[in-house]
Amino acid sequence: MTATPHETAKASRTAGIPFLLKTAFINAVIALVLFSLMIGIRTEAGSDGQLTYWTRFGDLASIVAAVFGGSIVIELLRQWIGPTGAEKLVPPAVQSGMSFIGRYLAPALLVFTLLVPVIFYNQRYILDLAILVLTYVMLGWGLNVVVGLAGLLDLGYVAFYAVGAYSYALLATNFGWSFWVCLPLAGILAAFWGVLLGFPVLRLRGDYLAIVTLAFGEIIRLVIINWQDLTGGPNGVSGIPRPTFFGIPLDNSDDGLAAKLRIEYSPTHRIVFLFYLILALALLTNWVTIRLRRLPIGRAWEALREDEVACRALGINTTTTKLTAFATGAMFGGFAGAFFATRQGFISPESFTFQESALVLAIVVLGGMGSQLGVALAALAMIGGFELFRSLETYRMLVFGMAMVLIMIWRPRGLIGHRAPTVYLTKAQAISSDLVKEGHG
Amino acid sequence: MSGEPILSVDRLTMRFGGIVAVHDLSFAAEPKKITALIGPNGAGKTTVFNCITGFYKPSGGAIRLTHDDGRQIALERLNDFRIAKQAKVARTFQNIRLFPGMTALENLMVAQHNTLMRASGFTFLGLIGVPTYRDAEKQAIALATDWLKRINLLDRADDAAGNLAYGDQRRLEIARAMCTEPALLCLDEPAAGLNARESAALSELLLSIRNEIGTSILLIEHDMSVVMEISDHIVVMDHGVKIAQGTPREVRDDPKVIAAYLGTDEEEAAAVMESGS
């Protein structure tokens with residue numbers, strides 16, 4: 001009996017009905033244990049407050065039977081498709097098409113984004129949504145410097161967003177400074193807080209770093225809530241000036257932009273202006289990040305993510321390198337915060353909860369750490385996708401969560417997981433995500 | 001400055017709690033020579049390396065580095081990255097520590113971080129793209145290319161370091177250390193895991209580094225064929241103390257060395273030492 005490798009592989013794949021039944025049986029038992037209390041017994045408070053219960057063994061039996069049958073079907077499917085990777089299921093024509101799309105996706109997306117206010121001029125809802133998506137694209141790109149490039153897990157990114165927003169809000173309402181003066185200041189102040197956060201956490205790695213940054217995010221929020229004299233506490237800051245077109249207000253007054261251009265005033269002008277403002281800020285973030293990656297500091301960030309000990313052996317000051325990563329990421333967060341404040345006209349601590357940090361981090365992880373295009377796509381999917389499921393009402397979060405889980409199973413290293421080299425001799429080859437480290441603090 | 005050793009270790013002691021890993025060790029490494037540090041497993045060789053390169057702070061003793069121009073630096077007072085940056089001591093690791101997700105060329109570019117940082121005006125000038133930085137980057141790429149040629153990896157320049165064969169990774173790590181343009185190169189078991197042919201190529205590479213570039217080398221190695229062939233001076237350690245030193249020939253015939261390596265069975269020990277000649 002000499003079986004060729006092919007035959008043995010086939011034999012093991014179609015291996016036996018006993019195996020099938022065993023797997024299905026185990027799954028059915030697990031289902032029975034799980035659902036016996038959840039579905040098998042129904043309890044409710046009776047009319048006099050006593051506990052009443054009744055059994056639903058019929059439902060339980062049908063669930064267990066469904067699991068039994070379902071696991072046989074899944075196992076059969078798995079054997080039929082075989083251990084081939086998901087790529088092999090995609091025909092080559094589609095694959096080459098996808099690589100074609102991949103090459104032109106970023107420019108196409110950029111052109112489309114530039115045209116959004118033209119196409120959707122009369123749809124305020126879409127314009128607002130686009131501004132929201134772009135804000136998160138910018139936040140994602142900012143956090144990408146810290147998490148994606150330097151490999152420092154930051155769970156308190158919203159703190160810098162808050163610092164930027166409050167910097168602009170307080171400077172503008174108290175001193176009447178214009179948006180264009182406050183914007184760089186907001187970035188500088190946020191970067192300053194980034195350095196302040198950086199110092200105590202430099203020695204920490206991985207989980208410990210994540211916890212301290214999480215705490216930092218909460219500290220900033222609590223300070224904002226409790227420092228009532230300055231920040232207005234839970235009431236927030238209102239009456240934040242709207243942005244001006246370099247000094248020309250975008251309103252219905254006589255010296256407004258519409259009047260100066262001799263066109264009819266429309267509130268949409270301001271929305272379109274805000275759209276292009278955040279687009280410009282996001283593109284600035286992108287441009288600076290792409291340039292920084294090709295400079296020694298950016299390479300040092302990535303080297304730090306790959307191996308910190310080796311960095312030190314090469315004479316790289318890991319302390320300042322980490323601090324610059326924190327400061328750069330924080331600065332972009334601060335810019336985004338200032339934009340948020342001027343767009344809303346009102347800010348309060350409620351806008352800067354941990355959920356925001358988690359959302360931005362999810363965008364970076366889903367997009368593929370370090371990938372600029374991936375982060376943009378992920379922001380679109382997360383913010384836009386969430387709106388897309390609005391019609392599902394109660395099940396919105398459930399469907400959205402399931403979609404996230406499926407995407408992470410399909411692409412464990414994010415939508416765009418591979419890494420592009422920053423310098424090359426003959427040809428830039430994408431580096432597989434298996435080799436790229438995720439960093440550990 | 002003839003006669004002045006590039007590295008002099010004076011009464012170095014390193015304690016971890018109650019364990020004395022290195023005790024009262026003194027030795028010197030001559031400039032433009034290859035000095036080998038050998039000894040059985042657990043003799044404290046890597047601890048000595050970590051003290052020299054600043055990854056450990058020694059419990060006692062002095063480590064002095066003397067540059068060509070007579071500048072002396074007390075290494076025991078400097079941090080790890082300052083030793084690489086200011087004292088110009090480069091090192092490799094026993095278990096290879098490349099940046100696996102970066103290309104071979106990028107690995108060599110990261111090694112030139114400090115030069116490039118200065119050229120890029122600490123990022124600010126580089127960000128706006130001044131020509132001086134572009135020239136500096138071109139020079140850095142030229143140096144990296146030169147090293148890729150020397151280690152015979154030019155055609156793999158744009159491949160991820162993690163994708164290279166084991167022997168290639170070892171050579172790339174040495175090239176990366178050399179791209180920092182060190183005065184002293186410390187190699188922790190560079191021949192570990194290499195086959196005979198690769199070991200021979202490594203010996204050649206190390207000799208060319210000594211002869212053509214004039215970098216002093218301090219080497220920890222178990223592969224006696226490499227040690228005996230290329231070393232100018234050998235220091236033998238056992239249980240944290242120096243038990244012998246001298247030329248390869250002197251060390252090979254030293255009964256204390258033979259005893260340390262193989263108990264007291266001198267015939268067997270002699271056979272092993274013989275194989276390296």
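Biologist: Before we start, when do you call a residue buried?

Modeller: A residue is buried if 20 or more other C-beta atoms lie within 10 Å of its own. This is a predicted model, by the way.

Biologist: OK, so how much of chain B is buried?

Modeller: Of the 277 residues in chain B, 50% are buried.

Biologist: And what is chain B built from, helices, strands?

Modeller: Chain B has 12 helices and 10 strands. Its radius of gyration is 19 Å, close to the 19 Å from the globule rule for 277 residues, so chain B is as compact as a globular protein of that length. The C-alpha atoms fill a box of roughly 65 × 40 × 40 Å along the principal axes.

Biologist: Switching to the contact with chain A: how many residues does each chain put in?

Modeller: Chain B gives 34 residues and chain A gives 33.

Biologist: Which helix of chain B has the largest share of that side?

Modeller: Helix 3 of chain B, with five residues. By type, the side of chain B that touches chain A has 15 nonpolar, 12 polar and seven charged residues.

Biologist: Now the largest nonpolar core. Which residues touch the most other members?

Modeller: That core has 187 residues, and those touching the most other members include Y161(A), A162(A) and I278(A). Helix 6 of chain A, residues 124-149, brings the largest share, 14 residues.

Biologist: What does A162(A) touch, leaving out residues up to four places away in sequence?

Modeller: I220(A), R221(A), I224(A), G337(A) and F352(A).

Biologist: Last one: what's the pLDDT like in chain A?

Modeller: Chain A averages 83, and 91% of the residues score at least 70. Over residues 1-13 of chain A, though, the pLDDT is below 50. Where pLDDT is low, don't read the predicted coordinates in detail.

Terms used: Residues numbered from 1 in each chain as written. Chains lettered and ligands numbered in written order. Predicted model: local features only at pLDDT ≥ 70, side-chain atom pairs only at ≥ 80, totals over all residues. Core = buried A, V, L, I, M, F, W, Y, C linked by C-beta atoms within 7 Å. Buried ≥ 20, exposed ≤ 12 C-beta atoms within 10 Å, placed from the backbone. Helix = DSSP H or I, 4+ residues; strand = E, 2+ residues; numbered from the N terminus. Contact = placed C-beta atoms within 7 Å. pLDDT = per-residue confidence, 0-100. Nonpolar A, V, L, I, M, F, W, Y, C, P; charged D, E, K, R; others polar. Rg over C-alpha atoms; globule rule 2.2 N^0.38 Å.
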